[in-house]
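Here's a quick walk through one protein model, with a pocket, a histidine and a couple of cysteines along the way. Have a look at the structure first.

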Amino acid sequence: RDRRGREFWVEVSVRRASIGGQDRLLSVLRDIADRKRAQERARLLSTAVEQSTEGVAVSDVEGNLLFVNDAFASMHGCKPDDVIGRHLSVFHAPDQLPSVEAANRQVRREGAFNGEVWHQRRDGAVFPASMHNTLLRDEAGNPVGMVAAMRDISDRKQAQEALRQSEEDYRLLFEQSVDGILVDAGGRIVRANPALADMVGEPADRLIGRSALDLLHPDDREAAADYARAVLAGDPPSPAPRRYRSLRADGLSGLVEIRSRRILREGRPALQSLYRDVTQQVQLEEQLQQAMKVEAVGQLAGGIAHDFNNLMTGILCHAGLLKSEPVVPEAVRETADLIEGAARRAAALTSQLLGFARRGKQQDVPVNLVATVETSVRLLSRSLTPPIRIRTDFRHGPAYVRGDPVQMEQVVLNLAMNARDALPDGGDITFALDQQHVEEDNDRRPPHAPAGRYAVLSVADTGCGIPRNLHDRVFEPFFTTKPQGKGTGMGLAMVYGIVRNHGGWIDVESTPNAGTTFRVFLPAADTPAGDEPAPVPARRTSAAAAHATGRILVVDDEAIVRDVLKRMLTKRGHEVITAAGAAEAIAYYREVGKEVALAIIDLRMPGMDGRECFQVLKAIHPGIRAILATGGGPEVSVQDLLDEGVVTLIQKPFEADQLDEAIQKALAP
């Protein structure tokens, strides 16, 4: 201690000495405080180096190792004593040696090196390391060695690679997404992908700096702005995407679905929004809903038509029976005529209902649309006033489809009469035929219609037109814009049903006071060999009464039909047995089936239908002769029934002469 009590280190040297003839102890003290401090610093430095998590290596100027700490040795999978005296190159892969030598030269030349290098462990595995090399000099400034501090940066490299890969994935997703993506910061678009540019019809770079609200219809911008503010506030009203009307650079509009989320961009809240064009999806949904609605109405119409036709059969046949009585007052005969006329008009309406509701083609033959249109034009021309002109455009030659000729004629006639009614003051009606190849991605093609070649029938008029808001309703049953008593609203509904049942669809284009065009798309068929005309519906001719004898089995679930047929056929000399259903008919037929000359079976009955009933009767006696009567029952191909052995079909409501004609055909030898 010094006089002030401060401690300090001294080095004491004690020796024996003779002083004044006496032996004494001579103590020599040397202040070694600086040396002690230096030693302490060295000790602390050594401890720090030994315990450091960074690898430390000391080498001579040539790169031979003089010292390595535990961290350095551990990084390389060895012990410190294993590497002392070895050259630094043992820790580098052979392909890294040129860069290592270049780094060492830089240290010797400039005094330091900082960088990233690849090191090699004892087992051969390599790892990235950040390296800081410093040149060591002696007191004279001469280079005496190098000290290297290194850190294994494998984790950092992996994190950087993961981040780079994530950014690359995001970039690819952003650039290649089929949905539009934009980033909105501060109310302005700062990023926009190519899909969004295609969606709005402008290059992506021209969207930068604009407001995202500019891409939407003005009437939807306030709602979209409220949604954006809610998302930025972290409290979106609901997680579901929002739908808004969009605007394109070319003026067209569509419907987009937007889903936004809050992100941070440069430390500030921003919006990332996903835009999906759902215009076509919504159109398909609307088409599906319309088809489902029409299908439901069609099923209802079919059921109504069946029951109605049964009643009309009873009315018509009873009226015919009344008129056939030998002595009938003239007033009664006139009344019967009025009843028949009213019933026939009702039957015509029911026929339209069936045309709308029918799910299948009654025939499947080549139909020449040119011939069908020409026939319909001849019929139509008889009911036109002089101011209406009919034009045809068949420049593309014949157009064939496969289907039912009668139904195709109904399509043309109903479209023609609809055009006629739109021209109360005269004008033009144009029929045109063309062929088109409809692609899979065609927006107008409904889901039920396959891609391929289509015959296109256009019926255009220059009449009053149809308001845009009614375009989707014109094919609904009983919907009409005509005055009370001028239309039933079933013509276009029947056209829709027939066209759809033939695998096609119908479009309408119309502007008030600028005319209307209906386009019917039907799957095209090859022209038949020899270009033979398609079968035309047979004209009904009055047949002589079938006054032949023979037992006839009448199978119908409607009592009024059974009763009138029994009276009518009995009057014509037949023995008539009636059955209220298939089970009753089969039980009777098992007992006396061979005595039955003919069976008249209703096609649509509860439980077992007429077709199944006929099949059972035929299994009992294969020689059975049968007529199937249909009032709008199960959609069965006429040809299929004929192939199974049915003699003929008769459509309800029928009259006496039609039934006589069918019976004569069935009983003919």
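Which element gives the most to the lining of the second largest pocket? That's α9, with 11 residues. Before going further, bear in mind that this is a predicted model, where local features need pLDDT of at least 70, side-chain atom pairs count only at pLDDT 80 or more, and totals for chains, interfaces and linings use all residues. Residues are numbered from 1 along each chain as its sequence is written, and side-chain values use heavy atoms, with hydrogens and water left out.

Back to the pocket. A pocket here is an open set of points on a 1 Å grid over the protein atoms alone, where a 1.4 Å probe fits, with protein on both sides within 12 Å along at least five of seven lines; lining residues have an atom within 4 Å of a point. The second largest one has a volume of about 1200 Å³, counted as the space filled by probe spheres set on the grid points, which are joined across faces, edges and corners. Its lining takes in 30 residues, and Q283, E286, Q287, D472 and D507 lie nearest the centre. Two or more lining residues come from each of α9 (279-324), α13 (491-501) and β18 (505-510). Helices (H or I, at least four residues) and strands (E, at least two) are DSSP runs, numbered from the N terminus. By class, the lining has 13 nonpolar residues (Ala, Val, Leu, Ile, Met, Phe, Trp, Tyr, Cys and Pro), nine charged (Asp, Glu, Lys and Arg) and eight polar (the others, Gly among them).

Now for three single residues. Buried means under 20% relative accessible area, exposed over 50%, and partly exposed in between (1.4 Å probe, protein chains only).

| Residue | Relative accessible area | Class |
|---|---|---|
| H76 | 1% | buried |
| C78 | 14% | buried |
| C464 | 44% | partly exposed |

H76 sits in the loop between α2 (70-75) and α3 (80-83). Leaving out residues up to four places away in sequence, H76 touches F91, H119, Q120, R121, R122, F127 and M150, where contact means heavy atoms within 4.5 Å. From H76 to G124 is 9.4 Å, C-alpha to C-alpha, with their positions 48 residues apart in sequence.

As for the cysteines, a search of the whole structure turns up zero disulfides (pairs of cysteine sulfur atoms within 2.5 Å).

Zooming out, the protein has 18 helices and 24 strands, and 41% of its 669 residues count as buried.
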